[in-house]
Amino acid sequence: MKIAIACDHRGFTVKQKICAQVAGSGHTVIDFGTDSPKACDYPDFAIPASKAVALGQADRGILIDGSGIGMSIIANKIPSVRAAICHDELTAEISRRYNDANVLCFAADLLGDELIRRTIDAWLRTPFEQGRHSRRIEKLAQLEKQLFGTDLEALLKNI
């Protein structure tokens with residue numbers, strides 16, 4: 001899989017480790033920055049990474065900031081992105097199995113390296129269950145079409 005990864009300054013150190021883990025698991029990393037621990041604004045990195053997922057340039061995304069909250073909020077503004085803040089393997093599995101989450105958000109300041117590693121492993125290997133959950137995901141897609149129209153590429157081009 002191609003995985004878009006982005007962070008702000010608070011997530012920079014953790015992002016380095018996540019990129020190595022994801023690449024080491026055989027996935028392709030698309031790094032959207034930031035490239036230093038210098039203070040920056042998380043939307044500047046979350047938006048392009050989330051757009052890559054929405055447009056199919058990446059299969060999934062991983063976003064890291066201090067709490068995971070800011071990245072999750074901005075990612076979920078992008079149509080077709082289903083971002084989830086996960087704190088452990090169980091929340092990661094549920095986000096994939098039931099919600100088909102395509103963006104994983106992390107709190108760099110709150111989780112240790114080993115927990116992050118296990119959570120990412122669970123998220124990457126867990127498939128979407130489909131079944132009754134597909135009906136719910138389709139309802140989200142229909143709402144997005146009503147709100148934003150059907151030309152996702154044209155819509156995201158202006159963002």
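## Exercises: Lys15, Ile74 and the whole chain

The side chain of Lys15 gets to within 2.8 Å of a backbone atom, the oxygen of Thr34. Keep in mind that you're looking at a predicted model, where local features need pLDDT of at least 70, side-chain atom pairs count only at pLDDT 80 or more, and totals for chains, interfaces and linings use all residues. Residues are numbered from 1 along each chain as its sequence is written, and side-chain values use heavy atoms, with hydrogens and water left out.

**Exercise 1.** Find where Lys15 sits, and work out whether Lys15 is buried or exposed.

*Solution.* Start with the element: Lys15 is part of helix H1, residues 12-24. (Helices are DSSP runs of H or I with at least four residues, strands are runs of E with at least two, and both are numbered from the N terminus.) Next, look at the cover: Lys15 counts as buried because its relative accessibility is 0%. (Buried is under 20% relative accessible area, exposed is over 50%, and partly exposed is in between, using a 1.4 Å probe and protein chains only.)

**Exercise 2.** Which side chain makes a polar contact with the side chain of Lys15?

*Solution.* Go to Asp31: its side chain pairs with that of Lys15 at 2.8 Å. (A polar contact is a pair of N or O atoms within 3.5 Å; within protein, one must be able to donate a hydrogen and the other to accept it, and residues adjacent in sequence count only if both atoms are side-chain atoms.) Then widen the view: leaving out residues up to four places away in sequence, Lys15 touches several others, including Ile5, Cys7, Gly33 and Ile64. (Touching, or contact, means heavy atoms within 4.5 Å.)

**Exercise 3.** Now try Ile74: which residues does Ile74 touch, not counting those up to four places away in sequence?

*Solution.* First, place Ile74 in helix H3, residues 69-75. With a relative accessible area of 19%, Ile74 is buried. Its contacts are Tyr42, Pro43, Ala46 and Ile47. Finally, check Asp44: 30 residues separate Asp44 from Ile74 in sequence, yet their C-alpha atoms are 9.9 Å apart.

**Exercise 4.** Zoom out: how many helices and strands does the protein chain have?

*Solution.* Count 7 helices and 5 strands. Walking from the N terminus, you meet them as β-α-β-α-β-α-β-α-β-α-α-α. The C-alpha trace spans about 40 × 35 × 25 Å along its principal axes. Last step, burial: 45% of the 159 residues count as buried.
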